Amino acid sequence: MRFVEPLYQQARSMWLGFIDMLPLLVVALVALLITWCVSAILTVVIRGSLKNARIRRSLRDLFISLSKVTVWIIGSLVAVTIIFPSLTPGKMLTALGLGSVAVGLAFKDIFENFFAGVLIMLRKPMRINDFVECEGVSGRVEQITVRETYLRKTDGQLVLLPNSFLFKNPVYVVTDLAVRRFDLVVGVAYSEDVDRARQVITSALEKVEDIDQQRGIEVYAREFNSSSLDFTVRWWAESEPIHMHKSRDRVVTAIKYALDEAGVEIPFPYRTLTFKDPLSLTSQRDDTPWR
């Protein structure tokens with residue numbers, strides 16, 4: 001019985017303290033209810049104001065989420081200060097500041113990807129369904145979130161790239177324009193006439209339908225190769241990867257047929273062998289076996 005009395009007094013003290021705190025709890029609950037109402041109203045207002053704005057859906061959702069988090073943080077601080085009057089806002093902000101430093105160090109990569117995603121969505125360097133290349137990774141953009149970007153490769157595989165990776169490295173937006181330029185190297189024999197070969201190649205490309213003829217066709221003598229005189233052939237076609245393969249197929253086929261029809265030789269590599277010592281040739285009878 002000697003141990004029961006202190007426990008009873010302790011429980012009674014806690015119960016009386018809870019009774020005394022009930023009005024403050026009710027006021028804190030009212031403050032949280034007001035916070036919930038303000039958050040809901042603000043969400044509706046932001047969604048309605050950004051409905052017709054030309055921004056990404058993920059960026060619009062980000063604005064809504066940030067506004068809701070801000071309202072709830074303020075409402076929670078107010079509710080806590082109501083329940084615990086001795087806990088001033090200054091002390092709470094100090095504690096949050098120290099805590100935020102620790103959280104920031106622990107989740108550095110997550111915050112880095114978050115801010116990189118916000119900047120990517122604000123700058124609009126690439127759009128959904130654009131085909132991009134970055135440090136050897138290429139694919140079609142399916143989704144951009146605040147943490148990562150989803151790329152669908154041409155073979156169907158899905159690649160998730162951290163936004164910080166795209167933000168720090170050069171990104172080639174292949175389909176930024178409807179058409180882009182392609183290059184091809186064509187070699188002809190040294191015995192062929194340069195101007196005639198250039199004219200044959202140009203005439204062949206002028207008949208290819210997959211080429212944007214309005215942008216013109218460029219054929220330049222490139223260099224003296226080991227067994228051929230090389231030309232750089234340039235043309236414009238649709239920027240989609242599939243159209244790149246189709247136009248290149250048409251171009252290579254047209255050039256091959258045109259050069260063959262004009263009698264222009266497309267050489268294969270020649271090899272000249274030299275020996276340090278002279279070679280001696282000896283004759284053998286047909287019935288002598290080779291050794």
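**Exercise 1. Classify N129 by exposure, and place it in the chain.**

Step 1. In this predicted model, N129 has a relative accessible area of 49%.
Step 2. Exposed requires over 50%, and buried requires under 20%.
Step 3. N129 meets neither cut-off, so it counts as partly exposed.
Step 4. Its place is the loop between α4 (108-123) and β1.
Step 5. Check the backbone. Phi of N129 is positive, near 80°, and the residue is not glycine.

**Exercise 2. Find the residue with positive phi in the hairpin of β1 and β2, and state its exposure.**

Step 1. The hairpin has two residues between its strands.
Step 2. Of these strands, β1 covers residues 131-134 and β2 covers residues 137-144.
Step 3. E135 is found in the loop between β1 and β2.
Step 4. Phi of E135 is near 50°, a positive value in a residue other than glycine.
Step 5. Relative accessibility of E135 is 52%. The cut-off for exposed is over 50%, so E135 counts as exposed.

**Exercise 3. Trace the pairing of β1 on both sides, then assemble the sheet.**

Step 1. Take β2. Four bridges join β1 to β2, and the two strands run antiparallel.
Step 2. Name partners. C134 has V137 as its bridge partner in β2. F131 stands opposite R140, also in β2.
Step 3. Take β5 (residues 172-173). Two bridges join β5 to β1, again antiparallel.
Step 4. Name a partner here too. V132 is bridged to V173 of β5.
Step 5. Write the order. The five strands form an open sheet, β4-β3-β2-β1-β5, with antiparallel pairing.
Step 6. Mark the edges. β4 (158-162) and β5 each pair on one side only, which makes them the edge strands.

**Exercise 4. Is I211 buried or exposed, and which residues does it contact outside its sequence neighbourhood?**

Step 1. Locate I211. It lies in the loop between α6 (194-205) and β7 (218-224).
Step 2. Its relative accessible area is 6%. The limit for buried is under 20%, so I211 is buried.
Step 3. Set aside neighbours within four places in sequence. I211 then contacts L205, I217, W235, W236 and V251.
Step 4. Look at one of these partners, W236. The separation from I211 is 25 residues in sequence, but 5.8 Å in space, C-alpha to C-alpha.

**Exercise 5. Decide which interaction the side chain of D230 makes: salt bridge or polar contact.**

Step 1. Place D230. It sits in strand β8 (residues 229-238).
Step 2. D230 is buried.
Step 3. Test for a salt bridge. R222 is the nearest side chain of opposite charge, 5.3 Å away. The limit is 4 Å, so D230 has no salt bridge.
Step 4. Test for a polar contact. The side chains of D230 and N225 make one at 2.7 Å. The limit for such a pair is 3.5 Å.
Step 5. List the surroundings. Beyond neighbours within four places in sequence, D230 contacts V185, V186, G187, Y220, A221, R222, E223 and N225.
Step 6. Note R222. It is in contact with D230, yet there is no salt bridge.

**Exercise 6. Summarise the whole protein chain in four steps.**

Step 1. Count elements. The chain has seven helices and eight strands.
Step 2. State burial. Of the 291 residues, 28% are buried.
Step 3. State contact range. Take contacts between residues at least 6 apart in sequence; 62% of them join residues at least 24 apart.
Step 4. State surface. About 20,400 Å² is exposed, and 61% of it comes from carbon and sulfur atoms.

Conventions:
Residues are numbered from 1 along each chain as its sequence is written. This is a predicted model: local features need pLDDT of at least 70, side-chain atom pairs count only at pLDDT 80 or more; totals for chains, interfaces and linings use all residues. Side-chain values use heavy atoms; hydrogens and water are left out. Buried means under 20% relative accessible area, exposed over 50%, partly exposed in between (1.4 Å probe, protein chains only). Lys and Arg count as positive and Asp and Glu as negative; His and the chain ends are not counted. A polar contact is a pair of N or O atoms within 3.5 Å; within protein, one must be able to donate a hydrogen and the other to accept it, and residues adjacent in sequence count only if both atoms are side-chain atoms. Contact means heavy atoms within 4.5 Å. Accessible areas come from the Shrake-Rupley method with a 1.4 Å probe; for residues, only the protein chains shown count as cover. Two strands pair if DSSP finds at least two bridges between them.
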